[in-house]
Amino acid sequence: MKKRYLQKVLAVAMTGAMALGVLAGCGSEPASGSNESSSAQGSEEESSAEDAGSEESSAEDAGDGESSAEESSGASGAAGIDGWEPFADRVTLKIPVYDRGDSGNGCSDVVNNYWTKWVQDNFGEKYNIDVQYVAITRTAVMNDYAMLAAGQDLPTVCMEYDYDKLATWQADGYLQPYDVEQFKTIAPTYWQTMVDNGNDAYTKLAGEDYLMLGYRPYGNSTYTWVTWYRKDWMKEAGFEEYPKTNTELLELYAKLVENGHEYPLSGSKVAGAGVDQNYPYRDYPQDELTWATMGDYQIPALPSEAQKRFLKWENTLYNEGYKNPEYYLREASEAEADFINGKAFTWSGYVSSTMTQLNSFYENFPDAELGVIVCPDTFVQDETWGSSNAYRPGTNFGMMIALSNNATEDEAKAAMMYLEWLAQEENLFTMTWGEEGVNFNYDENGNPVAVGDQSGLEQQQGHNNNVDYWCVVTAIKTLGSIEKDIAAINPQGLPQDFYDELLANYNGQVAIWNEGYANSDCLFAVSLDSVAEYGNTLYDLYAEYRDKLTMCAPEEFDALYEELSQNYLDQGYQEVIDERQAAFENGQTTKLQ
Amino acid sequence: MAKGKEAKAVVRTETTWKSAWKRDWQLYLLLLIPLIMVFVFSYAAYPGLRMVFMDYKPAKGYDGSEWVGLATFRKIFADSDFHRALRNSVVFNLADLVVGFPMPIILALILNELRYARFKKVSQTILYLPHFLSWAIIGSVALTMFKPSSGLVNVMLMNTGIIEEGIPFLNEKWHWAVTYLLIGVWQSMGWGTILYLAAITGISGELYEAAMIDGANRWKRMWHITLPGIKSTVVTLLIMNLGRIMGSNLERLVAFGNTQVKDFQYQLAVYIYNKGLNNSKFSMGTAVNLFQSLIGLALVILSDRVAKKLGEDGLL
């Protein structure tokens, strides 16, 4: 009898447990990032419960049960951080952070690490805010946000570097406008930086104020994106300096192959819209309407003359045997490995004080000589190829931040406080440089120099010295002058020093910009339906067509280009052009500088 | 009197729900678990299907999104990419069926004829293994093996002088189609034998003994005893496979995809992913998926009817 009773109890218990297990999947738990961090945040909440309690009581003492940052600051008559009081009730602030995958993150967990805890301890606890980071897959931003939106679980702010994405989110109802006056009161430092850089002119989407804009120092150049080349190979080929035109480049490549360097340009498949930029293949000064309708790179402008020139060049490189014939099957990491293993002439990447690729390269080839491709400071256009040293500059703004539609009033204030707090010099410095003696050391001039290899440190910073956290304030860490800033990102611990070339490249780009050969893309103050409708499809189509055009026989190129170009227009690009033209003519765009 | 009582007790064969529950409630509780799972994961999401008639925006939810009737379907059916994806899905799934369906049957027959038990077990295990590999792994292994000029197979063939130029296994669409289908067969055939082998063990040994006494050789025993013995299993699986004729496996397609073979690789799963999920057009993705499911259901019902007409048990 006893045994049967036990069996029954066990059966009921197991059934209950399994049924609960099944139903557990039906909850509305937030997506990946916040899930992963929940346990840690739980413990943080526990440990901070006492503090929060005391803060709460102090807020009540102030005689305002509904305390908030703005009201508190208003009450004390002081604007900005000095006027803030902690929230009476714990406020949850969800901030997106890019997850770049294991190899790109630096620290192991982007939503729960030493630095996220540092923010919580120094900002969150002080103002009774629970700062939670939400991981956004860097390569699937729109998808991740869509999933969060579908679960009614958008982070407090949505943010991206691309204006188009913000415009789409606004049109799809992800965002809410903000009160600029309130922002000025809560975050005067942040706002002042926007004003100083002219970014206060870009807050509007569809006629309302949505955007808070991070600052991009040196927005008129792209000096942090650098191409290294094998100077020793170049000298061996009889060239003293890096060629300035494509015609000269072809001569160099031919010599490289003659010298036994097979497929010197290596190559990998197109990944991401930013790859096939045609800015150096345009004629300058640009035609303003073409610039407005086909001037961006988010949707590659296959039917434009510039893109045709670019693809013809690619076709030549492929057919002459300078590119790896299997490039379209290869990942970017394979091209990188080619360079590290001495099989490629060039490699491009963002320069930083810590560069594992260069460390590995010099380990393999300690006697090799590398150079940095320097932008000539005068405009040089190749008559044969139409190519030049023009480039696409950035803008004065970096990250674009907007409040999500589900942010409450207090959460919105907490978000503004977060921006202002991070914009404070001492906080920004610690987030960007880390701790002295651990993440950086001062040189003889008193400038910080990052420690090259931080792996294994508890304080290990995230990707590119925590950029994905402090990007809400500035796109590049700056010490106030370009010389200092380049010294700060000059790769450390290598047999060669690249400071002079990095500076010369920056100066060359600025000279080109001053001469009017570097124009920012056209920005649209309205969301364009055709871009949302066809953008992705056209990008996929472009990836297919550009490979066909790269790999076809040179004599077939023109005919194939005409055919594919027309098809591309028919598949939606013509509609994109028409809608952009209408917006341009209605004065809803920026103008060509 | 006593006799009458006994007779009454024997006659009572019908069970009421109440008495059944009292007797076997533990079993019914256990049954609850799969029922809840089926309900939650197969039916609870059904109300969400109404998004196919809406211009669904995630941030606006169901209440805030606009009703658009059949506009999404009209747009899809007018889309040339959809036609391409539909054509490829049907053609490749049919080809998969033609090439892939008989293989496990043949393999099961061969395995069944193996007499050395240990060899049989080792062979089975080796054949099952590919089933446990993800498509991402199979895709990258295939890339290493079959790249046009640096792939292992082509390098070997070129080095031995059998071919002069690499065979474009993965980068020319017709070659790709063959590679794609054969790797699919390789991946699934071992696992597919399990059901057939189980069915074969259900065939009475006496039939084989009788046939041997009558002088039937191995081929004849296979043809006249084993195959008829597993016929109903074959028909059931065929019907189930026909239901998948509109489906496609995104992982498999992505693992083998590249820009040179998009003409064939662009199937419905890719279409749904690219145009639906990637573009945040959930209504569109759901509509295509619903279309796939309805055609699949129709095919299952139709083939079930045909099977029954032909005298088989069918599935439903």
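This is a short tutorial dialogue on reading salt bridges and chain shape in a predicted model.

User: I'm new here. What should I look for to spot a salt bridge, and how many are there over all chains?

Analyst: Look for a side-chain nitrogen of Lys or Arg within 4 Å of a carboxyl oxygen of Asp or Glu. By that rule, this predicted model has 43 salt bridges over all chains.

User: Could we start with K165(A)? Which residue does K165(A) form a salt bridge with?

Analyst: The partner is D162(A), and the closest N and O atoms of the pair are 2.8 Å apart.

User: Are K165(A) and D162(A) buried or exposed?

Analyst: Buried means under 20% relative accessible area. Both K165(A) and D162(A) fall in that class.

User: What about a salt bridge that joins two chains?

Analyst: Try E334(A) and K147(B), whose side chains meet with an N to O distance of 3.4 Å. E334(A) sits in helix 13 of chain A, while K147(B) is in the loop between helix 8 and helix 9 of chain B, so this salt bridge joins two chains.

User: How do I class E334(A) and K147(B) by relative accessibility?

Analyst: Take each residue by itself. E334(A) has 24% relative accessibility and therefore counts as partly exposed. K147(B) has 10%, so K147(B) counts as buried.

User: Where do R252(B) and D96(B) lie in chain B?

Analyst: Their side chains form a salt bridge at 3.0 Å, N to O. R252(B) belongs to helix 14 and D96(B) to helix 5, and the pair links distant parts of the chain, 156 residues apart. Both residues are buried.

User: Which residues are linked in a network of salt bridges?

Analyst: One such network includes E544(A) and K548(A) from chain A, along with D79(B), R84(B) and K275(B), among others, from chain B.

User: Now the whole of chain B, please. How many helices and strands does chain B have?

Analyst: Chain B has 17 helices and two strands. To judge its spread, compare the radius of gyration with the globule rule: chain B has 26 Å, well over the 20 Å given for 316 residues, so chain B is more spread out than a compact globule. Its C-alpha trace spans about 95 × 70 × 35 Å along the principal axes.

User: And what share of chain B is buried?

Analyst: Of its 316 residues, 40% count as buried. The accessible surface of chain B is about 18800 Å², with 67% of that belonging to carbon and sulfur atoms.

User: How many positive and negative side chains does chain B have?

Analyst: There are 32 positive and 21 negative side chains in chain B, and the centres of the two sets are 7 Å apart.

Technical notes. Residues are numbered from 1 along each chain as its sequence is written. Chains are lettered from A and ligands numbered from 1 in the order in which they are written. This is a predicted model: local features need pLDDT of at least 70, side-chain atom pairs count only at pLDDT 80 or more; totals for chains, interfaces and linings use all residues. Side-chain values use heavy atoms; hydrogens and water are left out. Buried means under 20% relative accessible area, exposed over 50%, partly exposed in between (1.4 Å probe, protein chains only). Helices (H or I, at least four residues) and strands (E, at least two) are DSSP runs, numbered from the N terminus. The radius of gyration is taken over C-alpha atoms; the globule rule is 2.2 Å times the number of residues to the power 0.38. Accessible areas come from the Shrake-Rupley method with a 1.4 Å probe; for residues, only the protein chains shown count as cover. Lys and Arg count as positive and Asp and Glu as negative; His and the chain ends are not counted. The place of a charge is taken as NZ of Lys, CZ of Arg, CG of Asp or CD of Glu.
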